[in-house]
Structure formats: structure tokens, C-alpha cells
Amino acid sequence: MLNYKYVSREGEESLKTYQYHGGDGSLLYKYLLGPFAQWLVDNVIPDWMAPNLLTLIGLFCTLIPHLLIALQTNGQMYGHVSPWLAILTGVFTFVYLNFDNIDGKQARKTKSSSPLGLLFDHGCDALNSTVIVTSLCTVLQAGNTEFSLIPFIMAIVPFYTATWEEYYINGLFLPAIHGASEGVVLVSLLFIFSGLVGQEFWTSATLYGNLPNNILLVYVLALASFYSAASNVVTVFMKKRDRFGHAVGNLSPLTFLVLTLTIVHFYSPARISETHTRYFLYFFGLHFAKLATHLQIAHVATEEFRGLRRTSIFLYIVFIAHTAASAILGGSIFPEDQLLFVLLGLSVLVYAHLVVNVVIQFTNVLNIRAFCLKTNGSLINFSQKNTAQNASPFSYELTESSKFAPPPP
């Protein structure tokens, strides 16, 4: 189904008037990352390069070393990772961060800002939450254990609550220290440090008693994750007290995801989360990316957020039901590894359906194209002629109808 509408007619009209509101209080971004990104846009990035293309390149900067790590460790969350690969992953993670910073500046430079660009940026970041965490846990030798699952939860919870806050207060205002800047820089340094000193550092206990260094790091980062998420909740409570009950209800989709992960982890007869940890995380990572995308769609389209989607609920229930029935009967009804791969395959299809249809709908509504700015030899064509019906969604053309006015009161 390549003509499915994820946004209503009213939402489509809201897309045309959407205007981004936000700010970044990070000192690291203000004095280093931001100016460097602006220098790149002014002196390195060509004018014809579309912001969404930059975002996509950034995603591949983390995906390529991620796949190399998976190949080198035979898909496990432990095992030898070559020092050069750990360092390369750290460097590429930092490169990803810069692409994540320059795409918005390129959009402003080329006057091609759009709700699709914001959605595409957030969607790639949501996918990267799983990609980067899975790579980091492997390098840190967290293993096929709950200490690979906990960092995943630590990554997705503050990501969701930040997007949830943006939905309710109509703006993304980042604090002085946050995961999108300082967090990614820290992760990049951890990769490089691991390549320089060796992975053995993380499995030894040199920092605090008999606690392995990698487990100690997980505990410290868990506190930071909790603080970040709690800050988002407090902000929504202070600014939207009249809707806080409604807002808390929209935390339920994330709660359902984490609850499903927890139930399967503890009660799976075959211990599927430990025998196939990487693919277990891929399954939930895809559903998290799907959930975060739906929340962002609701934000830019000014629509009611419906996070409990039928496809995700169905796949969660299948996973839980099989786990419960197998636990009661004392053995797996269906081979759990095969079930996991079936559910993962279906999740890929469901997520791809969302991405393709949203790109098509947004490009048609906004009369733009997604991955190319240059049209007929000019930077941007501001023609008032509507060419959306004949447009391919994989190049970028902005018309007068796509310009954004302030949102209605």
C-alpha cells in the first residue's frame, strides 16, 4: 500500500503552516559544535546538496561501522573488536554528529526548511539510538546480558520524553548538557578510548571495588538518563498542568514497549534475549523508531497522537503470548529464534511502509522533493505552479505553497 495516508486532511493543512521552535543551551554546541557546523555549511557543503541527503549520509556514518562490528563478532554482543575498528567507529560517530548539526543549517541556508526535514532528522536519530548503543555495548563487552538491554532503554527513554515534551510545549529546548551533543561526543570518545587502551579495560575492575568498569559505566549513565527524562516530565508538568494527565497517558506506548521487552527477557524459556541479543534489540529498536516517528508526525501536523498502533500492539502481543504460553507449558511452542526473526522481518516491513508513505504524502502536500535541491539549473524553484502530482519524492523542489507562516493561534 503506497498510498496510505498517515496524516488527515486537516493535518495536511497544518503541515503547510508549521514553524519550528527550539533552542540549544549546550555550551559545547554554542562554542564548538555549532560554529564548526556553520563553517562546514559556509565553506565545504555545496549549495545543491539537500539537507535530507546530509541526514542520510550521517546515518550511514554510524551504520557502516556498526555492521563491521557485527560481522567481526559474529552477531554477538561480545568478542574481539579490532582497535582500528573501535577508533573508526568513534570517529564516524563524531562525523555523524556533525552531519546532524549541519543539515538544519543547510536547510536555512538554502531556504528549504520543511516538516519533512525535521521528521527525517528525528527519524534517523531514533534509528541511531539503537545502532550506536548496540555498537557501544559490543565494544564495551556488555555481552548477551541485561547490561546490553539496559543501555538501550537508557537511550530510548530520554529520546522519547524529549520528543514528547516537544509535542506538548510546541518546541524543543535543549538544556546545557544533553544527549544530542555531549552524549554523542562522550560515546565517540568511549569508542576511541576502547581502541587505544583495549577492551580488557572494560571487563576489569579498576575504578570501583570489584565492579567491572563496563557495569559501573552503565550505572552512571543510567542516572544521567533518568535525570534527563525526569527533567522533560517536570517541564511538561510546569508548562502544561491542565494537560498533564493527558500527557502522562501518552507515555503508555513507550511503557508498553519496555514492558514487552522486560517480560520476554525474564520469562522466555529459550532466553531469546540472551541467545540473540542483537536481533532482539533490532526488533524493539525498529518499533521505537516507528513510535518516535508517529509522535513527531503528530507534532508537525498538529494532530492527536495515537501511539498504540495496531501493528506494534499485535507483534508485542504475539511475543508476550508465546512467551507466557511457553513458560506455562514448560517449553517453547514454536522455536523462539525463528519466531524472533519472523517478527523482526514483519517489523522491517511495517517500518518501511511508514517511511515510504510518509515521504510520499509529505512531498505531495508540501509540493517538495526529498533528496535533491537543484532544479532546472537554479538552487530552488519558487514557482507557484503546483507540480506535486508529477513530482518524484526523491528530489527537492520548494514552491510558494511550501513556505511556512507562523502557526495559527
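Mentor: A cavity is a set of grid points where a 1.4 Å probe fits but cannot get out, and its lining residues have an atom within 4 Å of a point. The model discussed here is a predicted one.

Trainee: How many cavities of 30 Å³ or more does the structure hold?

Mentor: There are two. The largest has a volume of about 70 Å³, and the second largest contains about 30 Å³ of space.

Trainee: Which residues line the second largest cavity?

Mentor: Its lining consists of L54, T55, G58, L59, Y96, F99, D100, C124, D125 and N128. Helix α3 (51-72) gives the most, with four residues, while α4 (83-109) and α5 each supply at least two.

Trainee: And what is the make-up of that lining by class?

Mentor: Five residues are nonpolar, three are polar and two are charged.

Trainee: Which residues line the largest cavity, then?

Mentor: P253, F256, H287, K290, L291, G307, L308, R309, S312, I313 and Y316 do. At least two of these come from each of α11, α13 and α14. By class, six are nonpolar, three polar and two charged.

Trainee: Changing topic, which residues have the most contacts inside the largest nonpolar core?

Mentor: They are Y160, W164, F280, F283, F284, F288 and F319, in a core of 48 residues. Helix α13 contributes the largest share of this core, twelve residues.

Trainee: What does Y160 touch, leaving aside residues up to four places away in sequence?

Mentor: Y160 contacts N250, L251, P253, L254, F288, L291, L295 and F305. Apart from the largest core lies another, of 28 residues, including V81, A86, V184 and W202.

Definitions and conventions. Residues are numbered from 1 along each chain as its sequence is written. This is a predicted model: local features need pLDDT of at least 70, side-chain atom pairs count only at pLDDT 80 or more; totals for chains, interfaces and linings use all residues. Side-chain values use heavy atoms; hydrogens and water are left out. A nonpolar core is a set of buried Ala, Val, Leu, Ile, Met, Phe, Trp, Tyr and Cys residues joined through side-chain atoms within 4.5 Å. Buried means under 20% relative accessible area, exposed over 50%, partly exposed in between (1.4 Å probe, protein chains only). Contact means heavy atoms within 4.5 Å. On a 1 Å grid over the protein atoms alone, a cavity is a set of points where a 1.4 Å probe fits but cannot get out, and a pocket is an open set with protein on both sides within 12 Å along at least five of seven lines; lining residues have an atom within 4 Å of a point. Grid points are joined across faces, edges and corners, and a volume is the space filled by probe spheres set on the points. Ala, Val, Leu, Ile, Met, Phe, Trp, Tyr, Cys and Pro count as nonpolar, Asp, Glu, Lys and Arg as charged, and the others, Gly among them, as polar.
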